[in-house]
Amino acid sequence: MEELKKFNTAKFLSFALGFFGLQFAWQMRIILSGPVTENLGASPFIFGLIWLAGPFTGMVVQPIIGALSDKTTSVFGRRRPYLLGGAILSALALWALPNSEVITNTIGSTLHILIHPLAALCFAAVMIWILDACVNIAQGPYRALIPDVVPQEQHSVANSYISLAIGLGSVVAAGTSPFLKWAFGYQMTINAQFIMAALAFTLGMAWTCITIKEKKYVPIKNEEKEKFNFIQSVKDFFALSPEVGKICLMQFFTWIGNMCMMIYFTQYAVHTVYGVPDLSSVSEAIKSSYDAALLSGTNFSSICFAIFNLVCFIVAIPIGVLSVKYGNKKVHILSMLSMALAFLGMAFCHEPKFVAVLMGISGLGWASICALPFAMLSQYIKPGTEGSVMGIFNIFIAGPQVFVCTLVSWFINKCSYNVFNGVANGGINYHWEYTFIIGAICLVAACFVAAKVKEIRAAE
C-alpha cells in the first residue's frame with residue numbers, strides 16, 4: 001500500500017471534472033430523450049419502459065464492472081480504462097440517439113429493404129440503453145477511485161466535489177441552450193445539444209484520467225485467477241459491518257423519495273402547477289388551445305431543475321466541510337429532512353414562485369445524497385474491493401427507481417379526477433402532487449434509518 005498524499009483544491013477540481021462531463025451527458029439524456037422518443041411515436045408507457053434502462057443497467061452493469069475493475073492490472077490503471085471507455089461509447093450513443101430516424105432510413109435504403117415505422121423508435125431505445133449502460137460503466141469505477149487515491153480523512157470532501165460536479169454539470173447542461181436563446185437569439189438544435197454533451201463527457205473524463213494517477217496495485221497470484229462471483233460478493237459486502245446493511249436501507253428509502261421528484265416533476269409542473277389536463281385522447285384543436293400553458297409548464301420545470309442543481313453546486317463543498325466537523329450522519333439527516341419538508345410544501349401549495357423556492361431547498365438534500373452516503377460507506381471498504389462494493393451499493397440506488405417507475409406510476413394512474421375547464425367531456429387530470437407525499441414519507445424513513453448508523457470518525 002502506498003501512502004496517499006492529500007489533495008489540494010486544484011487536484012480535487014481535476015478529479016471532479018470527469019464527473020462533471022458524466023452528469024452533463026446524463027442530464028441531457030433526461031431532458032431530451034423524451035422529446036426525441038415522443039417524436040418517433042413513443043407513448044408514455046413505452047417511454048416509462050425506456051426509462052427503466054437506467055436502473056436495470058445500474059443493478060447489472062455496475063456490480064460486474066466494479067468487480068472487474070478491482071482485478072484489472074492494465075498499464076493504464078484499474079479504474080481509468082472503464083472511465084474513458086464508458087465515456088467514448090456514451091459519446092457515440094449520444095450522437096446516434098437524435099439521428100435514429102436518419103440512421104435507420106439510411107440502412108434501409110442501402111440494403112434496399114423496407115423499414116418498419118417503429119424501427120427508428122426501437123433504435124433510439126437501444127441507444128438509450130447503451131448510453132445508460134456506459135454511464136454506469138464509468139460511474140461505478142469513478143466512485144471506487146476515491147478510496148484508491150484520496151486519503152481517508154478527505155473522503156467526505158472528495159464526494160462533495162463530486163456533488164459540486166453533479167450540480168454544475170446539470171446546471172450547464174440544462175441552461176446552455178436557454179441562455180443562448182435569451183442572450184443571442186440562437187436556438188440550439190437537439191442534435192447540437194447531444195453533440196455538446198458527448199464532447200463534455202469525453203473531454204472531461206479524459207482530463208481526469210490524465211491528471212489523476214492511480215496508486216500502484218499488484219494483486220496476489222490467487223487473486224489474479226479468482227473469478228467474479230456475484231453471490232459471494234454480496235455476502236462479503238454485507239459482512240463488512242452491520243452498519244453496511246443500515247446504510248443500504250437508508251439509501252433505498254432515500255432514492256425512492258428522490259426519484260419521486262426526479263421522474264415526475266415535469267408532469268407535476270405541467271399538469272398540477274399550470275393546470276394542463278391529460279391531452280392524450282382529445283382532438284388536435286383542444287390540444288392546440290393548451291400549447292401556451294404546456295410550454296409555460298415545461299419551461300417552468302427546466303427553471304426549477306436549474307435552481308435545484310444550482311443550490312446543489314453552491315452547497316456541495318460546505319456540506320463536505322460540515323460533515324468533516326460534525327459527522328456525515330448528522331449533516332445528511334438534516335439535509336434529507338429539509339428535502340422532505342420541501343416535498344410536503346410542493347404537495348400542498350402549487351403557486352409557481354413558492355414551488356421554485358422549495359425546489360431550491362430540495363437542492364440541499366440532493367447535494368448531500370450525492371456525497372455523504374458514499375462517504376459513510378467508504379469507512380468500511382477493504383482495500384482491493386472498492387469497485388465491487390460501490391457496484392453492489394448502486395443496487396440500492398437503481399432498485400428504488402424500478403419501484404418508482406412501476407408501482408408509483410400505477411398508483412398515480414389510479415388517482416385521476418375530472419376537470420371542468422372547457423375540455424371535451426370535462427377531461428381528466430392526475431394527482432401528480434401525490435408523488436411528493438410518497439417521496440417525503442420515504443425520506444423521513446431514510447432519516448430514521450440513518451440515525452441508527454454507528455459512524456466511524458476519521459480522527460478515531
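Where in H13 does a kink of about 45° lie? The legends below take up that helix and then some other close-up views of this predicted model.

**View 1. Helix H13 bends at Val315.** The kink of about 45° is found at Val315, shortly before the proline Pro318. Helix H13 covers residues 291–326, and its end C-alpha atoms are 50 Å apart. Does that agree with what we would expect from 36 residues? At 1.5 Å a residue, the helix should span 52 Å, so the two values agree. After H13 comes Gly327, which has a positive phi, near 105°.

**View 2. The largest nonpolar core has 127 residues.** Good places to start looking are Phe15, Met205, Phe237, Met261, Phe265, Met346 and Trp366, the residues with the most contacts inside this core. Helix H11 (residues 242–273) gives the most to the core, with 16 residues. A second core, separate from this one, has 5 residues, among them Val61, Ile65, Ala133 and Ile137.

**View 3. Trp366 meets residues from elsewhere in the sequence.** Which residues does Trp366 touch, once its neighbours within four places in sequence are left aside? Its contacts are Ile166, Trp255, Asn258, Met262, Phe308, Asn309, Cys312 and Met339. Trp366 also belongs to a cluster linked by ring pairs, together with Trp255, Phe265, Tyr268, Phe305, Phe308, Phe343 and Phe436.

**View 4. Phe179 and Phe184 form an edge-to-face pair.** The ring centres are 6.3 Å apart and the planes are at 85°, so this pair counts as edge-to-face, the cut-off being over 60 degrees. Are these two rings buried or exposed? Phe179 has 44% relative accessibility and so counts as partly exposed, while Phe184, with a relative accessible area of 63%, is exposed.

**View 5. Phe374 pairs with Phe393 and also meets Arg143.** The rings of Phe374 and Phe393 are edge-to-face, 5.6 Å centre to centre with 90° between the planes. This pair links distant parts of the chain: Phe374 is in helix H16 (residues 372–378) and Phe393 is in helix H17 (residues 386–393), 19 residues apart. Both residues are buried. Arg143 lies over the face of Phe374, 3.6 Å from the ring centre.

**View 6. The charged end of Lys11 sits over a ring.** Here the ring is that of Phe7, and the charged end of Lys11 is 4.6 Å from its centre.

Conventions: Residues are numbered from 1 along each chain as its sequence is written. This is a predicted model: local features need pLDDT of at least 70, side-chain atom pairs count only at pLDDT 80 or more; totals for chains, interfaces and linings use all residues. Side-chain values use heavy atoms; hydrogens and water are left out. A nonpolar core is a set of buried Ala, Val, Leu, Ile, Met, Phe, Trp, Tyr and Cys residues joined through side-chain atoms within 4.5 Å. Buried means under 20% relative accessible area, exposed over 50%, partly exposed in between (1.4 Å probe, protein chains only). Helices (H or I, at least four residues) and strands (E, at least two) are DSSP runs, numbered from the N terminus. Contact means heavy atoms within 4.5 Å. The expected span of a helix is 1.5 Å times one less than its number of residues. The bend at a residue is the angle between axes fitted to the seven residues ending there and the seven starting there. Rings of Phe, Tyr and Trp (its six-membered ring) pair if their centres lie within 6.5 Å; planes under 30 degrees apart count as stacked, over 60 as edge-to-face and the rest as tilted. A charge sits over a ring if NZ of Lys or CZ of Arg is within 6 Å of the ring centre and within 35 degrees of the ring normal.
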